[in-house]
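Okay, thanks for coming, everyone. Let me put the structure up, and then we'll walk through it together.

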Amino acid sequence: MRSESVSRTGSDAGSSCADEQTELRVDLHIHSTASDGSLSPAAVVSAARTGRLHVIAIADHDTTGGVAEAQAAATGFVHVIPATELSTYGEGAEFHMLGYFIDPRNDALVAHGRRASGARETRMHEMVERLERLGVSVTFEDVLTAAGTRPQSLGRPHLARALVQRGHVPTVSDAFDRWIGDQGPAFVPSALISPWEAIEMIHGAGGVAVWAHPRPDVLESMLPAMKSHGLNGLECYRPRLTHAETERIAALASAHGLFVTGGSDWHGEWQGKLGEFAVERDDIAEFLEVGGI
Ligand code: AMP
Ligand code: ZN
Ligand code: FE
Ligand code: FE
């Protein structure tokens, strides 16, 4: 089966295999400092080269702002697919929609990015206020300091890093567990659009729409509606998914005429080295063909 060829650890692909076609190592879900990743887009490309990734997608939350820098840095070894990850809300839950092969300068997408940027800033102030009310002292300026540069999309990981830096929790993950996880007392949702609007926006920008990290409990019930609104693919190969989970997503994709993709959802070195997780050409051949890769 397809998932058996997924490389979950650093392999020797690239050094010993003679066939370029079979050794293509791909990661289609990476964040940069344009949103809540810790490396600049150019530094992501450099890390990808070090990690022997041949094809990557810069998929920042609600922005395409990092794509141009990454593409400019990608000479030779690394190919950069323009992408974005749109936060959406519908049917009582949050869904992330990946858009691939989009035009990063598409008017509607850029306008949405600008609206989302403002809304995310307002939302960050709200989460900071909620934390204050919970007796957890942190300021908006702490969040900007933790972010380093001023990202187009401020996100919860920036707030989590600020909470670590202020000494409230030892790790980012503890900040999510205690306060800002999806069910946490200081959580405020960020999504401005429905999944259907996201699919339409991605198609309007010339791209294909892929449901990111589909939640197992709603995957099957949401698929018919997603499909009828034009969904093109499911994110199937991810670190930490079991073989059975991957198989289930691949089978549902096949049953609904969707292609599969895969990526690490990498934000920084605390998640390991970029390239430790990679998907191979055969796993996602249909998707790569869409982009002529
Ligand atoms: P936001 O777009 O601001 O809602 O932030 C979403 C991001 O927060 C995701 O892309 C993840 O990187 C991160 N995130 C969500 N839940 C957790 C968690 N439980 N632990 C660590 N990071 C998380
Ligand atoms: Zn993120
Ligand atoms: Fe996501
Ligand atoms: Fe992501």
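Before anything else, a word I'll lean on a lot: buried means under 20% relative accessible area, exposed means over 50%, and partly exposed is in between, using a 1.4 Å probe and protein chains only. And the small print: this is a predicted model, where local features need pLDDT of at least 70, side-chain atom pairs count only at pLDDT 80 or more, and totals for chains, interfaces and linings use all residues. Residues are numbered from 1 along each chain as its sequence is written, chains are lettered from A and ligands numbered from 1 in the order in which they are written, and side-chain values use heavy atoms, with hydrogens and water left out.

Right, metals. Donors here are N, O and S atoms within 2.8 Å of the metal (3.2 Å for Na, K and Ca), and since water is not among the atoms, sites may look incomplete. So which residues hold the zinc ion (ligand 2)? You'll find D36 there with two OD contacts, plus H61 and H267 through their NE2 atoms, at 1.9 to 2.6 Å. Along the chain, those zinc donors are spaced D-x24-H-x205-H. The two histidines link distant parts of the chain, 206 residues apart: H61 is in the loop between β2 (55-58) and α2 (67-73), and H267 in the loop between β7 (259-262) and β8 (279-280). Those element names come from DSSP runs, numbered from the N terminus: helices are H or I with at least four residues, strands are E with at least two. Both H61 and H267 are buried.

Now slide over to the other metal. How far is the iron ion (ligand 3) from the zinc ion (ligand 2)? The separation is 5.9 Å. Coordinating the iron ion (ligand 3) are E85 by OE, H96 by ND1 and H213 by NE2, at 2.1 to 2.2 Å. E85 sits in strand β3 (residues 79-90) and H96 in strand β4 (residues 93-100), so that pair ties together parts 11 residues apart in sequence. E85 and H96 are both buried. The full donor spacing for the iron reads E-x10-H-x116-H.

H213 deserves its own moment. This histidine is in the loop between β5 (208-211) and α8 (216-228), and it's partly exposed, at 23% relative accessible area. Look at the backbone, too: the phi of H213 is near 25 degrees, so a positive value in a non-glycine. As background, most residues other than glycine have a negative phi. Another one with a positive phi is R240, at about 75 degrees, and again not a glycine. R240 is in the loop between β6 (233-237) and α9 (243-255), and at 72% relative accessibility it counts as exposed.

On to helix packing. Two packed helices are described by the angle between their axes and the distance between the axes. Here axes are lines fitted to C-alpha atoms, for helices over the stretch in contact, and angles run from 0 to 180 degrees between N-to-C directions. Helix α7 (residues 195-204) packs on α8 at about 40 degrees, with the axes 10 Å apart. On our scale, under 35 degrees is roughly parallel, over 145 roughly antiparallel, 65 to 115 roughly perpendicular, and the rest oblique, so α7 and α8 are oblique to each other. Contact means heavy atoms within 4.5 Å, and by that rule P195, W196 and I199 of α7 meet M222, A225 and M226 of α8.

What about α5 (residues 156-165) and α6 (residues 172-180)? Their angle is about 105 degrees and their axes are 9 Å apart, which makes α5 roughly perpendicular to α6. The α5 side of that contact includes L159 and L163, and the α6 side includes F176 and W179.

Last stop, α4 (residues 140-147), which is where D142 lies. Of the 8 residues in α4, 6 are buried, so this helix is largely enclosed by the rest of the structure. Its cover includes α3 (107-133) and α5. D142 is itself buried, at 18% relative accessible area, and beyond its neighbours within four places in sequence it's in contact with A162 and R166. Just after α4, G148 takes a positive phi of about 85 degrees.
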